[in-house]
Every structure is written in C-alpha cells, then in structure tokens.
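Biologist: Please show me the structure, and let us then ask how each label is justified.

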Amino acid sequence: MSFKTISYLKSFAAAADINRNGHSIKEKFIIIESDDWGAIRTPSKEVITYFEKKGFAIANSIYKNDALASQDDLEKLFNVLQAYKGSDGKPAVITANCIMANPDFVKIKEHDFQQYYWESFTETLKRYPNHKNNFQLWKQAINNGVFYPQFHGREHLNVKRWMKALQSNNDAIVSSFEQQTTFSGKDDYSFMEAYDWDIKEDTKQHECIISEGLQIFEEHFGFRSKSFIAPCYNWDTKLEPFLASQGIKWIQGLRSQLQPTGVFNEYQYIKHSFGESQNGLRYNIRNCFFEPSMLPQKDWVNSCLAQIQAAFLFSKPAIICSHRINFVGFINPKNGDRGLKDLNNLLKAIVKKWPEVRFVTTDQLSDFSLSN
C-alpha cells in the first residue's frame with residue numbers, strides 16, 4: 001500500500017468521525033468557506049524585513065505570507081474558479097467571509113492611543129499599491145458567481161486587548177503599529193480573537209461591534225449576511241440570540257466552538273454537529289480542509305479529496321475550510337502560486353470524481369431540506 005493511499009485512508013477516517021452525527025442532506029454539495037477577506041496582516045515585503053531585524057517570531061507566523069490580496073491575486077483566483085462547473089453549469093464559488101474594517105492607525109495615533117478608530121476595508125484598499133480596483137473586482141466576481149461575501153466581523157481584532165497593549169507602551173506592539181499592522185511580534189494569535197473576553201460584560205461591546213459590522217456589510221454589498229464565522233472560532237454562546245436577531249441563519253465553524261473563559265487561550269470546547277439548531281441558528285460544520293500555506297509539505301489535494309468522500313458517505317455537504325492566505329502572493333509570490341496550483345488540481349479532481357456535484361455558498365443551505 002502506497003504512502004499516498006495510507007494518507008488518504010487516515011484523512012478519510014478522521015473526517016468520518018466528524019460526519020457521523022448531525023443532519024443529512026441528499027445532494028452532493030461543495031461549499032468552500034474562505035476567511036479573512038478584507039483584513040490586514042503584513043503590508044509589504046519591507047515590513048517582513050523590519051520584523052526580522054527586530055527579532056520578531058515571523059518565521060512560522062501567518063504574517064510571513066498573509067496580506068490583503070492584490071488585484072493580480074484576485075484575477076488569478078477568479079480565473080481558476082471560473083474554469084470548473086458543477087452539474088448545474090454554475091462555477092466553483094468561494095463563500096468569502098469578509099472583515100469590514102481595519103484600524104485607522106493615523107487617527108488612533110493622533111488621539112495618543114486613548115481612543116480606537118476604524119476605517120472601512122475599501123478605504124484600506126485604496127492605500128495599498130496594487131489594490132485600488134479590488135472592490136470593483138469583488139463585485140464583478142459576485143456577478144460572475146465565483147465570489148460571495150458573508151460576514152466574518154467588523155475587524156479581525158480584539159480591540160480592547162490591542163488598545164490596552166498600545167496604551168501600556170509595549171515596544172513590540174507599538175513597533176508593529178508604526179508599520180500599520182497589529183502583529184504582536186510573537187508566535188500567537190496577535191489579537192485576532194475578536195470576540196474573546198476578559199469579563200463577561202465584554203459581550204455587550206461585541207454586540208455593538210457586530211451590529212456595526214453587519215451594517216457596513218449591507219452598505220457595501222446591498223444585502224444582509226445570512227451566515228457568520230467568528231474569528232478564531234471563538235465566541236460566547238450568549239451572542240447567538242443577538243446574531244439571530246440580526247438576520248444570521250447559520251454559524252460557520254469547526255466541530256468544536258471555543259467558548260471564552262476569561263483567560264486568553266483557555267477555552268471551553270462545545271461540540272456541534274451539522275444542521276444542529278440552537279438559539280434560532282443552525283451550525284455548519286467544516287469537515288474538509290485545504291490549507292497549503294499552513295503546511296506546505298502536506299499533500300492537501302489528496303487529503304481534501306478523502307475528506308470530501310467521507311462527507312458524501314455520511315450524506316453531508318463537503319464544507320471546505322480554506323483561508324485567504326492560501327491564494328495570496330502579494331508578499332510571497334510562491335505562496336500564491338502553490339495555493340492556486342493545488343486549488344486547480346483539487347477542483348479538477350472533484351468534478352471528475354463526482355460529476356453530479358454542485359458548488360453552492362453557505363447561505364444557500366437554507367434553501368435545501370435537511371433530514372435527521
């Protein structure tokens with residue numbers, strides 16, 4: 001038995017365990033959920049060099065490759081998606097989970113780090129060198145059926161913790177701030193856990209942030225988001241009735257929700273299953289993973305195909321988790337090239353192995369019947 005076959009079987013077995021419970025769906029659906037669109041990470045190659053000179057832990061951080069996707073990145077990605085069609089003739093589509101705002105570094109500094117200010121992601125794009133037409137490209141891709149926004153958050157940032165670090169004059173945080181990034185300089189979340197809390201009352205601030213973010217979303221895209229994915233899979237269950245009141249129907253996530261405890265990086269793990277209903281919401285569980293940038297030596301195509309097979313065996317949609325970083329070459333062209341090559345091979349294999357599949361977006365799950 002070859003190494004590739006053994007690897008396939010291991011991926012299949014692990015995925016089977018995720019899919020045993022929950023509701024079922026008859027059709028073979030592929031849903032590609034991709035997080036972080038619109039969020040800043042590293043602004044340029046020069047900033048990478050700066051981080052290295054400062055001795056920051058950049059080597060194994062996502063900040064080494066991740067950035068706002070450039071116009072070139074978007075065009076390449078959309079071309080790959082457009083090339084593959086489901087049985088209904090519609091192209092492969094990404095559910096693009098969008099961050100609607102980023103810190104306004106200029107205003108925050110003008111107010112001596114005592115007040116937080118944000119700017120919309122479209123304003124951020126205007127300040128980047130090859131990004132000014134990005135929002136127009138997004139809208140074209142929406143019309144072409146290959147890119148469909150859903151709500152990820154106002155920022156991918158724990159505002160309270162980040163501002164506290166700036167106010168304490170933490171050297172690494174302030175140095176990163178001067179480079180217009182929120183990198184902590186450490187091999188950690190870098191304040192990305194937007195809805196984690198230090199005290200339970202923080203959830204009230206999170207409700208305000210989410211409400212504002214959803215309003216920005218509607219203003220930019222002309223419709224309300226029907227699904228939500230919490231940054232870092234970390235949210236308090238108490239937010240769920242509020243999310244439902246805002247029109248959210250589905251929560252995207254992993255099998256385990258990271259429920260805050262008040263201590264950073266210590267969570268209560270709450271398991272969910274596909275289609276499970278709670279607080280007026282349903283859970284959509286990611287059961288396939290395609291993250292070439294995270295572990296370049298891995299055969300992600302083979303692994304993901306095994307996980308898709310397991311999903312279909314248990315009558316579940318294949319929910320592929322694939323973050324934006326996999327398709328971005330703005331900082332490191334090799335990173336984007338690798339991700340797009342693997343995506344092309346994955347989509348080619350999917351339509352060949354399962355010609356009956358349909359590519360749909362997360363919000364469309366509400367249109368289909370679930371069974372117990």
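Modeller: The following exchange sets computed values against definitions.

Modeller: This is a predicted model, in which local features need pLDDT of at least 70 and side-chain atom pairs count only at pLDDT 80 or more, while totals for chains, interfaces and linings use all residues. Residues are numbered from 1 along each chain as its sequence is written, and side-chain values use heavy atoms, with hydrogens and water left out.

Biologist: Why does Lys-28 count as partly exposed?

Modeller: Buried means under 20% relative accessible area, exposed over 50%, and partly exposed in between (1.4 Å probe, protein chains only). Lys-28 has 27% relative accessibility, and therefore counts as partly exposed.

Biologist: Where does Lys-28 lie, and which residues does Lys-28 touch?

Modeller: Lys-28 is in the loop between helix H1 (3-19) and strand E1 (29-37); helices (H or I, at least four residues) and strands (E, at least two) are DSSP runs, numbered from the N terminus. Not counting residues up to four places away in sequence, Lys-28 touches Phe-312, Trp-354, Glu-356, Val-357 and Arg-358, where contact means heavy atoms within 4.5 Å.

Biologist: What makes the meeting of Asp-72 and Lys-76 a salt bridge?

Modeller: A salt bridge requires a side-chain nitrogen of Lys or Arg within 4 Å of a carboxyl oxygen of Asp or Glu. For Asp-72 and Lys-76 the N to O distance is 3.3 Å, so the pair meets the definition. Both residues lie in helix H3 (residues 71-82), four residues apart, about one turn of the helix. Asp-72 has a relative accessible area of 34% and is therefore partly exposed; Lys-76, at 35%, also counts as partly exposed.

Biologist: Which parts does the salt bridge of Glu-193 and Arg-161 tie together?

Modeller: The closest N and O atoms of Glu-193 and Arg-161 are 3.1 Å apart. Glu-193 lies in the loop between H8 and helix H9 (202-221) and Arg-161 in helix H7, so the pair ties together parts that are 32 residues apart in sequence. Both Glu-193 and Arg-161 are buried.

Biologist: How do you know that strands E6 and E7 pair?

Modeller: Two strands pair if DSSP finds at least two bridges between them. Strand E6 (residues 227-229) and E7 have three bridges, in the parallel sense, so the definition is satisfied. Phe-228 stands opposite Ile-251 in E7.

Biologist: What covers the two faces of strand E7, burial or exposure?

Modeller: Both faces of E7 (residues 250-253) are covered: Trp-250 and Gln-252 on one side, and Ile-251 and Gly-253 on the other, are all buried.
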